[in-house]
Amino acid sequence: MIEFLYTSAWGAFVVMLMLQIPFLIVFFHVVNKKAFVDSEPGKTEADKYSFVRYSWIGIVLLAFFVINGFSIQYMPTIVEANAAASGDVRNVKVTAQSWSFEFSENDFKVGDTVRFLAASVDTVHSFALYHPEGNLLFTMMLVPGTSTESAIVHTFTEPGEYTIRCLEYCGIAHHAMKNKLTVL
Ligand SMILES: [Cu+2]
């Protein structure tokens, strides 16, 4: 389910509907009520407003903590920290140069947790990894001249031919700046 929401276009669409539909229902309910059903000034007593107000704040706070609690494990910094703690993470250097990528290692297997340490040697590029089915798994910007590489940890869960692309416009052959990465 989480996989579907995070990695497919239909998942993104469902998330969008999940956010939009409750809002639209409440919106049209309020508009309909005030425009047609009861268009007079509100009859709620003043001291009852605070209950409604605190209830709403309570719902929002609850949603905030629950959603963050469940999704925090997918944040890149948390993924990185977990991988570092478990110890079995491979460091792979990636060098980006107009207009190709070079890898320090090329043998990837399903289950590998890889820390991509990427740097650009000339201009601003990005390092984007695409799943064999075409969806974007992550992208990170590579700025030349920095003292440390840009790092991201990724665990390969499926075999296939992944595509690396640059997603920052970097010159005349930017569109051709892509490599293949095979996971066995
Ligand atoms: Cu580019």
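Reader: What makes two domains of this chain, and where do their bounds lie?
Author: The bounds are taken from an automatic or database domain assignment, and that assignment gives domain 1 as residues 2-76 and domain 2 as residues 87-183. The centres of domain 1 and domain 2, taken over C-alpha atoms, are separated by 38 Å. Please keep in mind that this is a predicted model, in which local features need pLDDT of at least 70 and side-chain atom pairs count only at pLDDT 80 or more, while totals for chains, interfaces and linings use all residues. Residues are numbered from 1 along each chain as its sequence is written, and side-chain values use heavy atoms, with hydrogens and water left out.

Reader: How do you know that β4 and β5 pair?
Author: Strands are DSSP runs (E, at least two residues; helices are H or I, at least four), numbered from the N terminus, and two strands pair if DSSP finds at least two bridges between them. Between strand β4, residues 125-130, and β5 there are six bridges in the antiparallel sense, so the requirement of at least two is met. Along this pairing His125 stands opposite Leu142, Ser126 stands opposite Met141, and Phe127 has Met140 as its bridge partner. The two strands form a hairpin with five residues between them, and Gly134 in the turn has a positive phi of about 110°.

Reader: How do you know that β4 also pairs with β7?
Author: Strand β7 covers residues 160-165, and three antiparallel bridges join β7 to β4, which again satisfies the rule of at least two. Tyr130, for example, stands opposite Thr163 in β7.

Reader: What is the order of the strands in the open sheet that holds β5, β4, β7 and β8, and why is one side of β5 and of β8 left without a neighbour?
Author: The order is β5-β4-β7-β8, with antiparallel pairing. Because β5 (136-142) and β8 (178-183) stand at the edges and have a single partner strand each, one side of each lacks a neighbour in the sheet. From one strand to the next the twist averages 20°, where angles run from 0 to 180 degrees between the N-to-C directions of axes fitted to C-alpha atoms.

Reader: Why is β4 said to be largely enclosed by the rest of the structure?
Author: A residue is buried under 20% relative accessible area, exposed over 50% and partly exposed in between, with a 1.4 Å probe and protein chains only. Six of the six residues of β4 are buried, and therefore the strand is described as largely enclosed. Both faces are covered, with His125, Phe127 and Leu129 buried on one side and Ser126, Ala128 and Tyr130 buried on the other.

Reader: Why is the aromatic pair of Phe127 and Phe138 called tilted?
Author: Rings of Phe, Tyr and Trp (its six-membered ring) pair if their centres lie within 6.5 Å, and planes under 30 degrees apart count as stacked, over 60 as edge-to-face and the rest as tilted. By this rule the count comes to 13 aromatic pairs. For Phe127 and Phe138 the centres are 5.8 Å apart and the planes make 45°, so the rings pair and fall into the tilted class. Since Phe127 lies in strand β4 and Phe138 in strand β5, the pair ties together parts that are 11 residues apart in sequence. Phe127 is buried at 0% relative accessibility, and Phe138 is buried at 9%. Both also belong to a cluster linked by ring pairs, whose members include Phe101, Phe156 and Tyr162.

Reader: What makes Cys166, Glu168, Cys170 and His174 donors of the copper ion?
Author: Donors are N, O and S atoms within 2.8 Å of the metal (3.2 Å for Na, K and Ca), and water is not among the atoms, so sites may look incomplete. Here the atoms are SG of Cys166, O of Glu168, SG of Cys170 and ND1 of His174, and they lie 1.9 to 2.4 Å from the copper ion, so they meet the cut-off of 2.8 Å. In sequence these donor residues follow the spacing C-x1-E-x1-C-x3-H.

Reader: How do you know whether Cys170 and Glu168 are buried or partly exposed?
Author: Cys170 has a relative accessible area of 10% and is buried, whereas Glu168, at 27%, is partly exposed.
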